[in-house]
Amino acid sequence: MIEARNISKTFGENLVLRDVSMSFEKGKTNLIIGQSGSGKTVFMKCCIGLVEPDEGMIRFDDRPFSALPEKRKKYIRKEMGVLFQGGALFDSLTVEQNVMFPLNMFTTMSLEEKLDRVNFCLNRVNLENVNTLFPSELSGGMMKRVAIARAISNNPSYLFCDEPNSGLDPKTAEIIDRLISEITEEYDITTVINTHDMNSVLQIGMRINFLYKGELWWTGDKNTILITENAELNDFVFSTELTRRLRH
Amino acid sequence: MFRLLGEYLYLMLETFKRPDKGPVFRRQLLVEFIGLGVDSIGIVAIISVFTGAIVAIQTAYNIDSPLIPLTMVGFTTRQMMILEFSPTIISLILAGKVGSRIASEIGTMRVTEQIDALCVMGVNPANYLILPKITASILFNPVLIIFSIVVGIWGGWIACIVTNLVTSADYIAGIRSWFEPFTVTYAMIKTVVFAFIISSVSGFLGYNVDGGSVEVGRASTKAVVASSILIIFFDLILTQLLLV
């Protein structure tokens, strides 16, 4: 379980997060939704330690991550898998080397064991015969799947996904969503997903947090999001023609 | 200015930490030896052979007095190559080739979140990315400079033979006369300092890129300009300290 308590963050004069508290449960897909600029990415960066919050505390299974010195944060970071918006695959390494990277850095596995693990992870994300390809030779959907394979290669306890569907067609986006959801349940991971894709919200939103202008505005799940009376949330949820038709 | 210097020193402190995994560091080092060193042999050879040839021809052309022996052509070419042309001019060329490569490579990794990915994995990105580059430059650039000195002197000899300005015997006698081994030590000290400047400054500027592709290009240009200015500045200081 991950708990974020009273997180505030300011960049210069711009207050990006104001007293945001959320908790993310184990074995569930926890979504953070909101318009662009609502503070989703900054909040996630606070959670994974890329941005230092001005106030507040982040706890990973009762371990006070944000209060730890950098050296000790490293141990919790080894339990994290992060899927970045653009994949963030190392472009000088092949797919196999990318997925093997966390294993090379943090395990004492033999090359054979590492190769077995890499192939297992690539099979898990439905990729075959791509080991020797470089990221520049992959499609957007394949890149995301390789990034997921890399994120799960070291058996993480926490998985963070920043807009996993951005730039993907609806069918591929659905495959990626389903994959993340399956992995979460299968390995009992605490998964946090930033998204503004309503398809994702309705498909895998086991727990949904809505950020509005840097504040936590609403919390619920995929069943309650369509029937809420919250005006700002309704404005966000029913902003597309498809969702408006669904409402009626 | 002081803030920039502080950030640079802080990055260097992060860089010069013990690598997380020895085998991974050695593999990265090998990659950098090839990328920063071996791939530069061609351009170093071309520039050195022409520089040596030009120095030899210009020296021969400027010797008017019959009292000055023609062996001075070989002597001057050797001294020029060892003292200045190879360590400084080749380092300036490498600042352009290697410096821009380092800054753009690391800068691109920054804007595409690859450095963030390393960071959240618990890897020290400065140590993983910059240390192998600095180490490879410091170890391989002296090899490049010695190669440049040899090729430059050879270029001077070829020029003398082809233009018939100096005989081969005179030229060889010149390059063998009044040799002071300390000049090579001086050249190596300069080379190591310049290698550190090129790799660390370029690494720093690439690492701190903020934005997109335009900023990566800007960082790459800045890396070349800053490294070149620092090379000339430290050339003056080292010459004053070591030769005067």
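Here's a quick tour of this structure, from the way its chains touch down to a couple of unusual residues. Keep in mind that this is a predicted model. Chain A splits into two domains and carries an open sheet of four strands as well as an open sheet of six strands. Chain B meets chain A through 13 of its own residues, and helix H5 of chain B supplies the largest share of that side.

**How the two chains meet**
- On the chain A side, 15 residues are in contact with the 13 residues of chain B.
- Five residues of chain B's side come from helix H5 (residues 114-120) of chain B, the largest share.
- Sort the chain B side by class and you get six nonpolar, three polar and four charged residues.

**The two domains of chain A**
- Domain 1 of chain A is made of two stretches, 1-79 + 160-248, while domain 2 of chain A covers 86-155.
- Their C-alpha centres are 25 Å apart.
- Where these domains touch, domain 1 of chain A puts in nine residues and domain 2 of chain A puts in eight residues.
- On the domain 1 side of that contact, six residues are nonpolar, two are polar and one is charged.

**The four-stranded sheet of chain A**
- Reading across this open sheet in chain A, the order is E2-E1-E4-E5, with antiparallel pairing.
- Strand E2 (14-24) and strand E5 (63-64) of chain A sit at the edges, each pairing on one side only.
- Five bridges hold the antiparallel pair made by strand E1 (residues 2-11) and strand E4 (residues 55-60) of chain A.
- To see one spot in that pairing, look at Ala4(A), which stands opposite Ile58(A) in E4(A).
- Helix H1 (residues 40-48) of chain A lies across E1, E2 and E4 of chain A, and runs at about 120° to E1(A).

**The six-stranded sheet of chain A**
- This open sheet in chain A goes E6-E7-E8-E3-E9-E10, and its pairing is mixed.
- Its edge strands are E6 and strand E10 (215-220) of chain A, each with pairing on one side only.
- On average, neighbouring strands of this sheet are turned by 15° against each other, direction ignored.
- Helix H5 (residues 140-152) of chain A packs on the sheet and touches E6 and E7 of chain A, with its direction at about 170° to that of E6(A).

**A closer look at strand E7 of chain A**
- Strand E7 (residues 158-162) of chain A is mostly covered, with five of its five residues buried.
- In a regular strand, side chains alternate between the two faces of the sheet.
- Both faces of E7(A) are covered: one side has Tyr158(A), Phe160(A) and Asp162(A), the other has Leu159(A) and Cys161(A), and all are buried.
- Strand E6 (residues 80-83) of chain A runs parallel to E7(A), joined by four bridges.
- Along that pairing, Gly81(A) has Leu159(A) as its bridge partner, and Val82(A) stands opposite Phe160(A).
- E7(A) also runs parallel to strand E8 (residues 190-195) of chain A, this time with five bridges.
- In E8(A), Thr191(A) is the bridge partner of Leu159(A).

**Two residues with positive phi**
- Most residues other than glycine have a negative phi.
- Asp62(A) goes the other way, with a phi near 70°.
- You'll find Asp62(A) in the loop between E4 and E5 of chain A.
- Asp62(A) counts as exposed because just 7 other C-beta atoms lie within 10 Å, and the cut-off for exposed is 12 or fewer.
- Glu113(B) isn't a glycine either, yet its phi is positive, at about 65°.
- Glu113(B) sits in the loop between helix H4 (71-111) and H5 of chain B.
- Glu113(B) counts as buried because 20 other C-beta atoms lie within 10 Å, and buried starts at 20.

**A helix in chain B**
- Helix H1 (residues 2-15) of chain B has 14 residues and reaches 20 Å from first C-alpha to last, close to the 20 Å expected at 1.5 Å a residue.
- H1(B) is hardly covered, with one buried residue among its 14 residues.

Technical notes:
Residues are numbered from 1 along each chain as its sequence is written. Chains are lettered from A and ligands numbered from 1 in the order in which they are written. This is a predicted model: local features need pLDDT of at least 70, side-chain atom pairs count only at pLDDT 80 or more; totals for chains, interfaces and linings use all residues. Two residues are in contact if their C-beta atoms, placed from the backbone, lie within 7 Å. Ala, Val, Leu, Ile, Met, Phe, Trp, Tyr, Cys and Pro count as nonpolar, Asp, Glu, Lys and Arg as charged, and the others, Gly among them, as polar. Domain bounds come from an automatic or database domain assignment. Two strands pair if DSSP finds at least two bridges between them. Axes are lines fitted to C-alpha atoms, for helices over the stretch in contact, and angles run from 0 to 180 degrees between N-to-C directions. The expected span of a helix is 1.5 Å times one less than its number of residues.
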